[in-house]
Amino acid sequence: MAQARVKARKESVLAERFAVFAECLLTGVWIAVASLGVVTYPAAIAAGARHLRRRTSHQIGGWREFVGDFRTAVRGGWVVGLGGWAAVGAVWVDVLAARAGIPGGRLVGAVGVFALIGLVVALLRAAAVWTPGAAWRGLLADAGRRTVLDPAGSFLLVCGLAVVTLTALFVAPLAVPVLGALVAAAVAVEERHRHR
């Protein structure tokens, strides 16, 4: 009896890439929901990045794995989130000083805004490489160095931040799924840097 040969059907490249894009948008929603705890956004970004790394390496993972990663990341990540809000508060004071016309206020305000953008980029880069058991302090220190030493990758993330911000200004609900694309960009930037 002849055995029928069945050829495994392979997804087209276009279908595979669209599936990754759709997964990015869904991950953006998951990140937004997990960030509702106000100081949980670093853990949410880290869990989202890990989910997208699993997806692009063809490993199984979904909502349950995302939640498990989020729970692990939030243990030390909430302190990072609190520090991030403190940095935003400090920059807000700088901007208010610049608007009040205090001598040197404009320079201090501009430096504060650029420093905040650098901190956000470093946070995205740290979250993009987070794994369970990794210490946030070490991740942020290494990400800070990569932010400075890889200006092209950092610039790509600044552009991604601009896209999310503009999307939020024009069509606020779309900023939520676009957040997943920003995290995917951070994962891609880190992967690019690792292979250099």
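**View 1. H51, a buried histidine in a predicted model.** H51 is buried, with just 1% of its relative area accessible. This is a predicted model, so read every close-up here with that in mind. The residue sits in helix α2. Leaving aside residues up to four places away in sequence, H51 touches E23, T27, W30, G61 and G62. Take E23 from that list: E23 and H51 are 28 residues apart in sequence, yet their C-alpha atoms are 9.3 Å apart in space. Why does H51 count as buried? Its 1% relative accessible area falls under the 20% cut-off.

**View 2. Helix α2 and what covers it.** Stepping back from H51, we get the whole of α2, which runs over residues 41-56 and has 16 residues. From its first C-alpha to its last, α2 reaches 22 Å, close to the 22 Å expected at 1.5 Å a residue. How many of the residues of α2 are buried? The count is 12 of 16, so this helix is mostly covered. Y41, P42, A43, A44, I45, A46, A47, G48 and A49 are buried, and so are H51, L52 and R54. What covers the buried residues of α2? The cover includes α1 (13-34), α3 (63-100), α4 (105-128), α5 (136-149) and α7 (175-194). Just after the helix, look for H58, which takes a positive phi of about 60°.

**View 3. D69 with two arginines from α2.** Here D69 pairs with both R50 and R54. The D69 and R50 side chains meet in a salt bridge, 2.6 Å from N to O. That pair links distant parts of the chain, with D69 in helix α3 and R50 in helix α2, 19 residues apart. The other salt bridge joins D69 to R54, with the closest N and O atoms 2.9 Å apart. This one also links distant parts of the chain: R54 belongs to helix α2 and D69 to helix α3, 15 residues apart. Are these residues buried or partly exposed? D69 counts as buried, at 6% relative accessibility. R50 counts as partly exposed, because its relative accessibility is 23% and the buried class ends at 20%. R54 is buried, with a relative accessible area of 10%.

**View 4. The surroundings of R54.** Staying in helix α2, this view centres on R54. Which residues does R54 touch, not counting those up to four places away in sequence? They are Q59, I60, G61, E65, F66 and D69. D69 is also the salt-bridge partner of R54 from the previous view. G61 turns up among the contacts of H51 too.

**View 5. D150, R192 and a salt-bridge network.** The structure holds eight salt bridges, and this view picks out one between the side chains of D150 and R192, at 3.2 Å from N to O. D150 is in the loop between α5 and α6 (151-170), while R192 is in helix α7, 42 residues away along the chain. D150 counts as buried because its relative accessibility is 1%, whereas R192 is partly exposed, with a relative accessible area of 32%. Salt bridges that share partners join R125, R146, D150, E190 and R192 into one network.

**View 6. The nonpolar core around L124.** The largest nonpolar core has 36 residues, and L124 and W136 have the most contacts inside it. Elements giving two or more residues to this core are α1, α2, α3, α4, α5, α6 and α7. Which element gives the largest share of this core? The answer is α2, with eight residues. L124 touches I45, L157, L161, L182 and A186, again not counting residues up to four places away in sequence. I45 is one of the buried residues of α2.

**View 7. A nonpolar patch on the surface.** To finish, we go from the core to the outside. V113, F114, I117, F155 and V158 form a nonpolar patch on the surface, and together they have about 460 Å² of accessible area. Helices α4 and α6 each supply at least two residues of this patch. The largest share, three residues, comes from α4. F155 has its place in helix α6. At 54% relative accessibility, F155 counts as exposed, since that class starts over 50%.

Key:
Residues numbered from 1 in each chain as written. Predicted model: local features only at pLDDT ≥ 70, side-chain atom pairs only at ≥ 80, totals over all residues. Heavy atoms only, no water. Helix = DSSP H or I, 4+ residues; strand = E, 2+ residues; numbered from the N terminus. Expected span 1.5 Å × (residues − 1). Buried < 20%, exposed > 50% of the residue type's maximum accessible area, 1.4 Å probe, protein only. Contact = heavy atoms within 4.5 Å. Salt bridge = Lys/Arg side-chain N within 4 Å of Asp/Glu carboxyl O. Patch = residues over 30% accessible without salt bridge, like charges linked within 9 Å, V, L, I, M, F, W, Y side chains within 5 Å. Areas by Shrake-Rupley, 256 points an atom, 1.4 Å probe, with all protein chains shown as cover. Core = buried A, V, L, I, M, F, W, Y, C linked by side-chain atoms within 4.5 Å.
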